[in-house]
Amino acid sequence: MDRVAQIIEMLKKSPGDDFLQHALALEYVKKGEDRTARSIFEEVLGRNPGYVASYYHLAGLLSRNGETEPALRWYEKGMEAAKEAGEARAYNELRASYEALKDD
């Protein structure tokens with residue numbers, strides 16, 4: 001059974017699990033299924049705006065696909081969420097990626 005199938009099986013028992021949803025999105029990124037991954041990241045953040053890791057990966061996905069403005073907006077939202085959560089390391093990572101994309 002591949003990772004996607006394994007995570008989907010786990011999600012049947014815990015459908016609202018943000019960690020599992022995030023992990024599933026990352027697996028779809030690895031498979032090059034960015035549209036599906038994007039949808040899952042957006043679902044996680046719609047349900048739980050405090051799930052900071054998803055901002056980073058969603059913005060990175062958008063950036064790789066040439067969607068600079070939406071990526072910048074997600075980085076900004078992520079920085080706000082990280083600041084509110086007191087997650088300095090996540091904030092710094094989001095900020096560095098934001099600045100690098102903004103400077104391009």
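Mentor: In this predicted model, a residue counts as buried when its relative accessible area is under 20%. Keep that cut-off in mind.

Trainee: Is Gly78 buried or exposed?

Mentor: Look in helix H5, where Gly78 sits. Its relative accessible area is 0%. The cut-off is under 20%, so Gly78 is buried.

Trainee: Which residues does Gly78 touch, leaving out those up to four places away in sequence?

Mentor: Start from H5, the helix that holds Gly78. Once sequence neighbours up to four places away are set aside, the residues touched by Gly78 are Val52, Tyr55 and Leu94.

Trainee: How far apart are the C-alpha atoms of Gly78 and Tyr28?

Mentor: Along the chain, 50 residues separate Gly78 and Tyr28. In space, the distance between their C-alpha atoms is 21 Å.

Trainee: Leu94 came up as a partner of Gly78. Which residues does Leu94 touch, again without those up to four places away?

Mentor: Leu94 is one of the buried residues of H6. With residues up to four places away not counted, its partners are Val52, Tyr55, Tyr56, Tyr75, Gly78, Met79 and Ala82.

Trainee: Which residues have the most contacts inside the largest nonpolar core?

Mentor: In general, nonpolar side chains in soluble globular proteins tend to be buried together. Here the largest nonpolar core has 31 residues. Those with the most contacts inside it are Leu24, Trp74 and Leu94.

Trainee: Which helix gives the most to this core?

Mentor: Helices H1, H2, H3, H4, H5 and H6 each give two or more residues to the core. One of them gives seven residues, the top contribution. That helix is H5.

Trainee: What span should H6 have at 1.5 Å a residue?

Mentor: H6 has 16 residues. Its end C-alpha atoms are 22 Å apart, which agrees with the expected span of 22 Å.

Trainee: Which helices do the buried residues of H6 pack against?

Mentor: The buried residues of H6 are Ala90, Leu94, Ser97, Tyr98 and Leu101. They cover an arc of only 105 degrees around the axis, so they lie on the same side of H6. The face turned away from that side carries exposed Arg89 and Asp103. The buried residues pack against H4 and H5.

Trainee: What arc do the buried residues of H3 cover around the axis?

Mentor: Those residues are Asp34, Ala37, Ile40, Phe41, Val44 and Leu45. They sit on the same side of H3, because their arc is only 130 degrees.

Trainee: Which helices are included in what covers the buried residues of H3?

Mentor: Arg35 and Gly46 are exposed on the other side of H3. The cover over the buried residues includes H2, H4 and H5.

Trainee: At roughly what angle do the axes of H3 and H4 cross?

Mentor: Contacts here include Phe41, Val44 and Leu45 of H3 and Ser54 and Tyr55 of H4. The crossing is left-handed. The axes come within 10 Å and cross at roughly 145 degrees.

Trainee: Which residues does Ser54 touch, not counting residues up to four places away in sequence?

Mentor: Ser54 is in helix H4. Its relative accessibility is 0%, so Ser54 counts as buried. Beyond those sequence neighbours, Ser54 touches His22, Phe41, Val44 and Leu45.

Definitions and conventions:
Residues numbered from 1 in each chain as written. Predicted model: local features only at pLDDT ≥ 70, side-chain atom pairs only at ≥ 80, totals over all residues. Heavy atoms only, no water. Core = buried A, V, L, I, M, F, W, Y, C linked by side-chain atoms within 4.5 Å. Buried < 20%, exposed > 50% of the residue type's maximum accessible area, 1.4 Å probe, protein only. Helix = DSSP H or I, 4+ residues; strand = E, 2+ residues; numbered from the N terminus. Contact = heavy atoms within 4.5 Å. Expected span 1.5 Å × (residues − 1). Arc of directions from axis to C-beta. Axes fitted to C-alpha atoms, helices over the stretch in contact; angles between N-to-C directions. Left-handed = near helix turned anticlockwise from the far one by under 90°.
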